[in-house]
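Trainee: I am new to this structure and would like a close look at a single part of it, with enough of the surroundings to place that part. Please choose one helix and take me through it slowly.

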Amino acid sequence: MARTSSQNQNEKNKVGAFFLATLILWFVSVLFEIFFNKRTELLWIVAGVCLFQIANWVIRSFVSRDPLFVNTSVSLLHSTTISVSVVFILVNQCLKNGSDGMFEHSQLVGGTWEWAYAALCFSCGYFAYDQLDMLFYRLYSGLIPSILVHHMILLVCFTLALYRNVTINYLILTLVCELHSIFLHVRKVRRMAGIRSARSTIVRVEWVLNWLTFIFARSLSHILITVKLVVDAPKFEKGVELPLALFGMAGMNFINVGLGIDLFNAFKREINPQKNSDHHGE
């Protein structure tokens with residue numbers, strides 16, 4: 001038993017070392033772009049890393065030292081900040097230039113809406129911070145932790161788009177799903193705070209918002225983006241943009257299916273706690 005535990009620990013150390021190495025390489029790449037290629041606009045990535053790390057320290061110092069609570073709280077801050085930013089970017093674009101042509105292929109691939117670049121950099125900074133936090137406190141499990149793989153893929157896709165200044169608007173649209181992430185993190189924080197009664201009005205309202213945003217902000221938005229990519233496929237120039245975008249959206253849609261199943265199971269457990277308890281008793 002002790003030997004198995006030791007093997008698991010060694011495997012976890014190797015996994016952590018691999019993802020830490022990829023994160024260091026990513027950060028070196030960003031610094032190279034900023035200082036050697038004079039890409040000062042990428043400083044928003046550094047700003048994102050710093051802000052969310054400061055938020056981590058504040059929560060850890062004044063609210064709770066539980067690593068999972070701190071990590072979830074900072075994730076909630078990111079989801080809220082990015083959701084507000086994305087809504088602001090879209091509304092601002094509509095008010096300034098109108099919605100005509102806003103979702104044309106040329107705009108989504110080659111254009112950049114006002115503040116979209118900075119918002120994407122900021123979100124990129126969060127994923128780098130979160131990856132490091134999860135590695136430091138070992139907030140992951142499994143030989144191939146899905147959350148670490150998810151963050152690594154996002155960092156690669158986001159930074160490649162930022163370096164080449166393409167598909168920025170497409171990526172901003174994918175971040176509409178952060179509206180749903182707000183309620184995922186709220187639920188997690190709420191349960192850690194001990195509020196679990198399904199009869200509570202707060203819990204009921206939270207579940208309604210959780211399902212509405214899952215359907216419209218996450219599932220439907222990602223399906224529509226995927227359809228748009230397929231329809232506009234002939235308009236893409238030869239290169240990695242289209243294959244990378246289709247692969248990324250296929251991955252997101254696949255993750256959404258799994259997330260929907262997990263959400264439904266969590267909903268059933270929370271709505272019928274007594275039945276679930278009896279089931280475990282058997």
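Mentor: Two residues are in contact when they have heavy atoms within 4.5 Å of each other. By that rule, among contacts in the protein chain with a separation of 6 or more, 76% join residues 24 or more positions apart. Please keep in mind throughout that this is a predicted model.

Let me begin with the whole chain, and then turn to helix H8. The secondary structure comes to 11 helices and 0 strands, so that, read along the sequence, the pattern is α-α-α-α-α-α-α-α-α-α-α. The C-alpha trace spans about 60 × 40 × 40 Å along its principal axes, and the radius of gyration is 20 Å, which agrees with the value near 19 Å that a compact globule of 282 residues would have. Of those 282 residues, 42% count as buried.

Helix H8 is the part I would choose. It has 15 residues, and the distance from its first C-alpha to its last is 21 Å, close to the 21 Å expected at 1.5 Å a residue. Its buried residues are Glu178, His180, Ser181, Ile182, Phe183, His185, Arg187, Val189 and Arg190, a list in which you will find Glu178, Arg187 and Arg190 alongside Ile182, Phe183 and Val189. What covers these buried residues includes H3, H5, helix H9 (201–231) and H10. Just after H8, Gly194 takes a positive phi of about 90 degrees.

Now follow one side chain out of this helix. Arg191 forms a salt bridge with Glu270, and the closest N and O atoms of the two are 2.4 Å apart. The pair links distant parts of the chain, since Arg191 belongs to helix H8 (residues 178–192) and Glu270 to helix H10 (residues 241–271), 79 residues apart. The two partners sit in contrasting surroundings: Arg191 is partly exposed, with a relative accessible area of 24%, whereas Glu270, at 4% relative accessibility, counts as buried. As a general matter, side chains of opposite charge can pair when their charged atoms come close.

A search of the whole structure finds 10 salt bridges, and another of them pairs Lys235 with Asp232, whose closest N and O atoms are 3.6 Å apart. There Lys235 counts as partly exposed at 49% relative accessibility, while Asp232 counts as buried at 3%. Returning to our helix, salt bridges that share partners join Arg187, Arg190, Arg191, Glu206 and Glu270 into one network, in which Arg187 and Arg190 are among the buried residues of H8.

For comparison, consider a salt bridge elsewhere. The side chains of Glu114 and Lys96 meet at 2.9 Å, N to O. This pair, too, links distant parts of the chain, with Glu114 in the loop between helix H4 (105–110) and helix H5 (116–137) and Lys96 in helix H3 (residues 67–97), 18 residues apart. Here Glu114 is partly exposed, with a relative accessible area of 36%, and Lys96, at 53%, counts as exposed.

H5, one of the helices that cover H8, leads us to the nonpolar interior. In soluble globular proteins, nonpolar side chains tend to be buried together. The largest nonpolar core of this model has 54 residues, and Trp113, Phe158, Leu162 and Ile172 have the most contacts inside it. H5 supplies the largest share of this core, 11 residues. Leaving aside residues up to four places away in sequence, Phe158 touches Leu120, Ser123, Cys124, Phe127, Leu171 and Leu175.

Ala119, a residue of helix H5, gives a closer view of that helix. Ala119 is buried, with a relative accessible area of 10%, and, apart from its neighbours within four places in sequence, it is in contact with Ile82, Ser85, Ile89 and Ile172. The C-alpha atom of Ala119 is also 8.0 Å from that of Trp44, although the two residues are 75 residues apart along the chain.

To return to the helix you asked me to choose, H8 is a run of 15 residues whose buried residues have H3, H5, H9 and H10 among their cover, and its Arg191 reaches Glu270 through a salt bridge.

Definitions and conventions
Residues are numbered from 1 along each chain as its sequence is written. This is a predicted model: local features need pLDDT of at least 70, side-chain atom pairs count only at pLDDT 80 or more; totals for chains, interfaces and linings use all residues. Side-chain values use heavy atoms; hydrogens and water are left out. A salt bridge is a side-chain nitrogen of Lys or Arg within 4 Å of a carboxyl oxygen of Asp or Glu. Helices (H or I, at least four residues) and strands (E, at least two) are DSSP runs, numbered from the N terminus. Buried means under 20% relative accessible area, exposed over 50%, partly exposed in between (1.4 Å probe, protein chains only). A nonpolar core is a set of buried Ala, Val, Leu, Ile, Met, Phe, Trp, Tyr and Cys residues joined through side-chain atoms within 4.5 Å. The radius of gyration is taken over C-alpha atoms; the globule rule is 2.2 Å times the number of residues to the power 0.38. The expected span of a helix is 1.5 Å times one less than its number of residues.
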